[in-house]
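Could you take me through this model by asking, for each term, what earns it its name? I would like every answer to set a value against its definition.

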Amino acid sequence: MKRSEILSRLLVIAGVLLVLSVPLAVHFYEGQGIVEIHGRMAESGGWSPNSIHAQVGVPLHLRLTSDDVMHGFAIGQSDMPVVDVAPGKMTEVTITFNKPGTYTYYCTRWCGPNHWRMRGTIEVSGGSSDAPQPVSPPLYMTLNLNIDAPHPAIATPTERPSALRGAAFAAMLSSSYLTNDYYRAHSPSQAYLDLRADPALSSLSNPNVWDLVAYIWQSNTTPEGRAEGQRLFARNCSACHGESGGGDGVFSASVNAQTGKFPANFTDPASLLGASPALLQGKILRGGMGTGMPYWGPIFENETIWSIIGYIYTFQFDEVQK
Amino acid sequence: MKLSREQWFYIILAGLAGALIVFAPLPVRVAPPSQRTFRVEASQFAYSPAVLTVNPGDTVTIELVSTDVVHGLYVDGYGASVTADPGQTVSLTFIANEPGSFRFRCNVTCGALHPFMIGKLQVGTNTLLWRAVGLALLAAFSGVALFPRPATVKAV
């Protein structure tokens with residue numbers, strides 16, 4: 001073979017290899033740092049993959065799609081906006097984490113009976129503070145509350161308490177009742193008994209003492225907080241607990257069929273007025289109780305849970321600002 | 001075949017009658033436009049009720065309640081749509097100013113039989129049906145009247 005012939009053959013081979021390598025290189029380059037997540041109903045496997053890694057400060061690119069029905073995607077305890085994940089579509093999301101830790105991503109669209117089980121985790125490492133942050137135990141553990149036990153109200157009002165009426169007697173109230181610590185650690189019915197036993201309030205009628213309880217509960221929340229609580233309640237809770245809190249949501253029958261229990265009825269004074277905010281916080285954080293209640297600990301920030309709790313009590317108390 | 005004057009007369013008459021059937025306004029009772037609210041329950045894979053009947057010009061409000069997974073409702077012809085998650089009743093309001101029969105369908109992929117999750121919005125009386133019935137009757141009648149059977153050949 002002539003030298004020029006070898007050269008030309010080599011040239012052809014090199015050309016072919018070059019052409020073949022272009023798409024491979026593009027594929028490799030574009031795939032760098034992109035995580036593709038497929039959503040499936042929890043019954044058929046949930047998110048795939050359901051655990052991913054990321055670095056603090058390094059943008060995480062996600063491509064989301066669904067293999068069956070409409071899903072949603074959100075990351076708990078972050079302010080990432082909720083996106084829809086539809087079959088046949090790619091949704092691209094870029095997130096940058098500022099703090100290390102374990103984040104939970106979850107489905108935000110009711111995709112099936114076990115929708116809430118559709119969760120995955122993002123392990124975020126690196127960052128300046130590699131030492132684990134001290135975590136304070138939730139209030140229900142500090143108070144040693146048994147969140148699985150029934151919590152009947154020790155006393156119930158004869159008429160619906162109103163924070164507006166209660167505000168008229170607020171001047172008679174010792175400021176120790178208005179603190180956040182008192183509010184969170186006491187159920188409304190305990191607070192009622194405390195106030196009833198208070199000699200400074202002995203001139204008030206029973207309904208007016210209940211109005212004062214409503215006033216204490218109201219003054220520990222903000223209108224914005226209650227509005228946020230209402231929004232989150234509608235999105236996350238009302239499918240079981242009902243849009244009006246009656247425990248009669250569209251899934252209440254199937255919850256009953258599976259667990260023998262109905263979702264909590266927040267319009268029932270005998271039950272809700274026996275629950276302190278700390279107790280409700282425990283139930284929301286941990287879930288369970290043999291009722292099919294999901295655990296929201298990895299999803300909501302503490303303040304968010306307090307907002308939801310503030311809203312839940314409005315099923316019992318009339319608010320000042322409606 | 002040569003048509004007699006009489007036959008021409010009948011043909012023209014039938015044509016006029018046909019035009020009347022197609023174009024004449026039907027004596028449909030026209031109700032004044034009103035507010036109408038429907039509570040439609042969506043579940044896999046049907047709407048209940050699946051047929052909504054309204055009068056033209058009505059302001060229609062559809063409250064969509066999902067009882068299992070996230071569903072949508074898209075009204076063909078009107079292009080109005082809404083999405084409902086369980087526990088969050090949503091409503092869709094539009095003015096039914098276009099008479100006719102329209103499909104509404106789920107526009108959120110909700111499961112295997114999602115494409116078959118449909119319903120019907122009926123705006124006004126289905127005049128097309130009655131006009132078609134009238135035309136068919138007219139055609140049958142004039143066929144018999146215009147072209148009677150030829151006289152039977154007498155037996156030899």
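The questions and answers below deal with salt bridges, burial, a helix, two domains and a pair of chains.

Q: How should the names and values be read?
A: This is a predicted model, in which local features need pLDDT of at least 70 and side-chain atom pairs count only at pLDDT 80 or more, while totals for chains, interfaces and linings use all residues. Residues are numbered from 1 along each chain as its sequence is written, chains are lettered from A and ligands numbered from 1 in the order in which they are written, and side-chain values use heavy atoms, with hydrogens and water left out.

Q: What makes A:E5 and A:R9 a salt bridge?
A: A salt bridge needs a side-chain nitrogen of Lys or Arg within 4 Å of a carboxyl oxygen of Asp or Glu. The N to O distance for A:E5 and A:R9 is 3.5 Å, so the pair meets the definition.

Q: Why are A:E5 and A:R9 separated by about one helical turn?
A: They are four residues apart in helix α1 (residues 3-31) of chain A, where a helix is a DSSP run of H or I with at least four residues, a strand is a run of E with at least two, and both are numbered from the N terminus. An α-helix has 3.6 residues a turn, so residues three or four places apart point the same way.

Q: Why is A:E5 called partly exposed?
A: Buried means under 20% relative accessible area, exposed means over 50%, and partly exposed lies in between (1.4 Å probe, protein chains only). A:E5 has 33% relative accessibility, so the middle term applies, and A:R9, at 47%, is partly exposed as well.

Q: What parts of the chain does the salt bridge between A:D67 and A:R40 link?
A: The closest N and O atoms of A:D67 and A:R40 are 2.9 Å apart. The pair links distant parts of the chain, with A:D67 in the loop between β4 (60-66) and β5 (71-75) of chain A and A:R40 in the loop between β1 (34-39) and β2 (47-48) of chain A, 27 residues apart.

Q: Why does the pair of B:D85 and A:R109 join two chains?
A: The closest N and O atoms of B:D85 and A:R109 are 2.4 Å apart. B:D85 lies in a loop of chain B and A:R109 in a loop of chain A, so the salt bridge joins the two chains. Both residues are buried, and salt bridges that share partners join A:D84, A:R109 and B:D85 into one network.

Q: How is the area buried between chain A and chain B defined, and what is its value?
A: Buried area is the accessible area (1.4 Å probe) that two parts lose on being put together, summed over both. Between chain A and chain B this is about 1,200 Å², of which carbon and sulfur atoms give 57%. In chain A, A:W110, A:E243 and A:V250 lose the most area to chain B, together 38% of what that side buries.

Q: What span is expected of helix α6 of chain A?
A: The expected span is 1.5 Å times one less than the number of residues. Helix α6 (residues 206-219) of chain A has 14 residues and reaches 20 Å from its first C-alpha to its last, close to the 20 Å expected.

Q: Where do the bounds of the domains of chain A come from?
A: They come from an automatic or database domain assignment, which gives domain 1 (34-125) and domain 2 (139-315). Their C-alpha centres lie 32 Å apart.
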